[in-house]
Every structure is written in structure tokens, then in C-alpha cells.
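Hello,

Here is the structure we talked about, handed over with notes on what was found in it. Please look at it first and then read on.

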Amino acid sequence: MSVAAHGDAAAAAANFIFPNDFHVHWSLMIVLYPYITGLVAGAFIVSSLYHVFHIKALKPVSRFSLLFALAFLICATWPLLNHLGRPERALSMMLTPNPSSAMAGFGYIYSAYFIVLLLEILFIFRPVVVALREQATGVMKAVYGVLAIGSDNVSDKALKLDHKIIAFLAAIGIPMACVLHGYVGFIFGGIKANPLWATPLMPLIFLLSACVSGIAGIILSYIVIMKFSGREIDVECVQTLIKFLWGFFILDFVFEMLEL
């Protein structure tokens, strides 16, 4: 083989993409997942600031932020399943988990947090569901009965009990939200091949970034919805959200600079 022919063959081999190298690892799908879970954690913390820490100014967005978190939590795993290529294999992580793997714990963390969030929403909207059940007939009446947790009691005593349950669920949901997003930072921080990621501060940076993105998402969506629905925007609520946004942003920036 001539030198020129050998060079052409080498160039062709260098440009060849093997089947197992066709997909770019840790692509946009992997990036979307921590961003979506960040929105979920941040939105849940906004709701907990009202239900647990009794910040009355956040009442207009207390229920909306839970629905915001649930909407993004439902689709949080879609990018990962799309990146996996064989979504059904994700069940293996639940059926045959590896106790020493941080990724193996994701399914259980996600499922537990989903249940807590769903229960809190059901208790918060129970009076509304009971009112809808009284007006419904047929199948929808049975559906509303299930969503009302089998109880149509909306007396003051029952609502006070609901409020205690909501506060309890919100209180245990805060550390669960921190674990849900913090463990993603733990996985990124454990990759020693990337010096910019290999830091014990990564879980904390991820968590603070989640608070920033979640609060910013709540502010934007709340203003847009109020504008399109023609309702008045609660200025005090927005100002309080902005104050918390600035606080979390400053902390996030400080820890990011400390890491650098």
C-alpha cells in the first residue's frame, strides 16, 4: 500500500463512528433532568415557606406552587428514560437495586417524594373536591369521592386536622426535596474526571440553584397567568418571592465562587 493510500485509510478510520459511540453521553437529556428536578424542589420550598414557616405573604402562590411542582415532577424522568434508549430497563433499578449505588436510590427517593407531594395536594384541595363531588353524578362522583380521600366532612374541626396533616407533610417534604436534588449534585461531584465538578460543595450548589430556578419559575408563571386571566397581581407576594430569590441567588453565587 502506498503512503498516500495508507494516509487516506487512516483518515477514513479516524472519521468512522462506531455504533456504541454514536450517541453522545451526558447529552441535553441528562442536563434537562437536574434542571426539572430543581424546579420541583424550588417550587415545593416556596409552598413550605407558607405552610411550615407561616409567611402569609406567599399565600396566593402556596397552592399553585404545589401544582407547579407536581406538573414538573411527573415529567422529570422523561429525559432520563429517553436517554436510556430502553425505558423498560429502568424497572431493573427498582427490582434489583444496588445498595452501594447512589443512582439506585433514585427510584425510591423519587417515588417517596411523589407520594408525599400528591398527598399534600389532595389534602389542600379536599374542600374543593368535596364541593365538586356534591355537584357531580355517575363515574365522576366516584372519582371525586376517591380524590376526597373518602371523606366529605368539611367542618372546622376536620379542616384544622387537614391543616395539621398538610403542615406535617410539608415539613417532611422539605428534607425529601433537598435529598431529591442534592443527590444529583452528589453524583456530579463524584465524577473525578471533571475537575470543575469534583467538589463536596456540588450538592449544596445544586440545591441552592434549585431554589433560585424554582422561585424564578413561580414568579414568571404566576405573573403570566394573572395577566392572561385578567386578575390582579398580588404585589406583596411577588416582592416577597423576589426577596427570597435574591437571598438564594446570593448564597448560590457565593458557594459557586468558593468552589472555583
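The lining of the largest pocket contains 19 nonpolar residues, four polar ones and no charged residue. This is a predicted model, and the pocket in question has a volume of about 670 Å³. Its lining is made up of 23 residues, and those nearest the centre of the largest pocket are L80, M93, M103, F106 and Y183. Two or more lining residues come from each of α2 (28-51), α4 (78-84), α5 (91-95), α6 (106-124) and α9 (156-189).

The second largest pocket has a volume of about 490 Å³. Eighteen is the number of residues around it, written in the output as 18, with H51, K59, S62, R63 and I124 nearest the centre. Here the lining does include charge: four residues are charged, three are polar and 11 are nonpolar. At least two lining residues are supplied by each of α2, α3 (62-74), α6, α9 and α10 (202-229). Helix α9 gives the most to the lining of this second pocket, namely four residues.

As for the overall fold, the chain has 11 helices and zero strands. Of its 260 residues, 37% are buried.

Next, the salt bridges. The count comes to two. In one of them, D162 pairs with R126, and the closest N and O atoms are 2.7 Å apart. D162 belongs to helix α9 and R126 to helix α7 (residues 126-135), so this salt bridge ties together parts of the chain that are 36 residues apart in sequence. Both D162 and R126 are buried, which means that each has under 20% relative accessible area.

The other salt bridge joins R86 and E88, with 2.4 Å between the closest N and O atoms. Are these two residues buried, exposed or something in between? R86 has a relative accessible area of 41% and is partly exposed. E88, at 42% relative accessibility, is also partly exposed.

On the surface there is a nonpolar patch of about 1,000 Å². The residues that make the patch are L196, I242, W246, F249, I250, F253, V254, M257, L258 and L260. One of them, F249, has its place in helix α11 (residues 235-259). F249 counts as partly exposed because its relative accessibility is 41%, and a residue must be over 30% to be included in a patch.

One backbone angle should be mentioned as well. H54 has a phi near 55°, which is a positive value in a residue other than glycine. Most residues other than glycine have a negative phi. Where is H54 found? H54 sits in the loop between α2 and α3. With a relative accessibility of 47%, H54 counts as partly exposed.

To go through the model in the viewer, the two pockets can be taken in turn. For the largest pocket, start from the residues nearest its centre, among them L80 and Y183. For the second largest pocket, start from residues such as H51 and R63, which are among those nearest its centre. After that, the buried pair D162 and R126 and the partly exposed H54 are left to look at.

Regards

How values were computed:
Residues are numbered from 1 along each chain as its sequence is written. This is a predicted model: local features need pLDDT of at least 70, side-chain atom pairs count only at pLDDT 80 or more; totals for chains, interfaces and linings use all residues. Side-chain values use heavy atoms; hydrogens and water are left out. Patches are made of residues with over 30% relative accessible area and no salt bridge: like charges are joined within 9 Å, nonpolar side chains (Val, Leu, Ile, Met, Phe, Trp, Tyr) within 5 Å. Accessible areas come from the Shrake-Rupley method with a 1.4 Å probe; for residues, only the protein chains shown count as cover. A salt bridge is a side-chain nitrogen of Lys or Arg within 4 Å of a carboxyl oxygen of Asp or Glu. Buried means under 20% relative accessible area, exposed over 50%, partly exposed in between (1.4 Å probe, protein chains only). On a 1 Å grid over the protein atoms alone, a cavity is a set of points where a 1.4 Å probe fits but cannot get out, and a pocket is an open set with protein on both sides within 12 Å along at least five of seven lines; lining residues have an atom within 4 Å of a point. Grid points are joined across faces, edges and corners, and a volume is the space filled by probe spheres set on the points. Ala, Val, Leu, Ile, Met, Phe, Trp, Tyr, Cys and Pro count as nonpolar, Asp, Glu, Lys and Arg as charged, and the others, Gly among them, as polar.
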